[in-house]
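Here is a fold to walk through, sequence and coordinates side by side. Keep the viewer open and follow along.

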Amino acid sequence: MTNDTDNFDSIDDFDEAIVTLCQTPNTALQAIHRLLGKGSIRSSSLNAIYERVMSDRDVDGAYYLAVLAQKIDDLPFDALPLVELVLTQGDEHAKLSLWEKLPKAAKLSLQEQGFDF
């Protein structure tokens with residue numbers, strides 16, 4: 001299987017490929033994997049992945065995107081719905097793993113909403 005985003009010279013072409021990929025259901029993890037390999041991330045790519053995760057209710061995609069989101073300064077979406085998806089629908093390992101990776105302020109906010117580990 002070839003990875004159609006691996007050989008792009010232009011970040012614009014790569015971004016377009018990610019957005020196009022995310023128009024197909026259940027492709028969020030594949031798109032996240034490609035982003036991690038590329039190193040450069042555009043807001044439109046992140047938004048496309050976010051929309052794919054939320055449309056599919058993809059708990060695994062939500063977990064990895066929430067972890068990735070913590071490393072991005074100007075996140076183009078609210079990461080809280082991703083975290084909530086994992087905490088309400090993920091398995092115990094995913095819930096605990098994500099909880100341990102969250103910043104203290106996020107944990108406090110979630111605790112106020114009734115989430116705690």
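Which residues does Leu-98 touch, not counting residues up to four places away in sequence? They are Tyr-63, Ala-66, Val-67, Gln-70, Val-83 and Val-86, where a contact means heavy atoms within 4.5 Å.

Before going further, some ground rules. This is a predicted model, where local features need pLDDT of at least 70 and side-chain atom pairs count only at pLDDT 80 or more, while totals for chains, interfaces and linings use all residues. Residues are numbered from 1 along each chain as its sequence is written, and side-chain values use heavy atoms, with hydrogens and water left out.

Back to Leu-98, then. Together with Ile-49, Val-53, Leu-65 and Leu-82, Leu-98 has the most contacts inside the largest nonpolar core, a set of 34 residues. Such a core is made of buried Ala, Val, Leu, Ile, Met, Phe, Trp, Tyr and Cys residues joined through side-chain atoms within 4.5 Å. Buried here means under 20% relative accessible area, exposed means over 50%, and partly exposed is in between (1.4 Å probe, protein chains only). The elements giving two or more residues to this core are H1, H2, H3, H4 (59-69), H5 (80-89) and H6 (92-101). H4 supplies the largest share, 7 residues. Helices are DSSP runs (H or I, at least four residues), numbered from the N terminus.

Now swing round to H1, which covers residues 11-21. Its buried residues are Phe-14, Asp-15, Ala-17, Ile-18 and Leu-21. They sit on the same side of H1, because they cover an arc of only 160° around the axis, taken from the directions from the helix axis to the C-beta atoms. These residues pack against H2 (28-38) and H3 (43-56). At the N-terminal end of H1, Ser-10 acts as a cap, with a side-chain oxygen 3.0 Å from the backbone nitrogen of Asp-12.

Asp-15 is the odd one to look at: it is buried yet has no salt bridge. A salt bridge needs a side-chain nitrogen of Lys or Arg within 4 Å of a carboxyl oxygen of Asp or Glu, and the nearest side chain of opposite charge, Arg-42, is 5.0 Å away. Asp-15 does touch Arg-42, along with Ser-44 and Ser-45. Arg-42 meets Asp-12 in a salt bridge instead, at 2.3 Å, N to O. That pair links distant parts of the chain, 30 residues apart, with Asp-12 in H1 and Arg-42 in the loop between H2 and H3.

The whole structure has 3 salt bridges. Another joins Arg-52 and Asp-56 at 2.9 Å, and the two are separated by about one helical turn because they are 4 residues apart in H3. Arg-52 counts as buried because its relative accessible area is 11%. Its side chain also reaches the backbone oxygen of Cys-22 at 2.9 Å.

Lys-95 and Glu-92 form a salt bridge too, at 3.3 Å. Lys-95 is buried at 13% relative accessibility, whereas Glu-92 is exposed at 55%. Phe-117, in the segment after H7 (104-112), is in contact with both of them, as well as with Leu-87 and Trp-99. Phe-117 itself is partly exposed, at 41% relative accessibility.

Technical notes
Lys, Arg positive; Asp, Glu negative; His and termini not counted. Polar contact = N/O pair within 3.5 Å; in protein donor to acceptor, adjacent residues only side chain to side chain.
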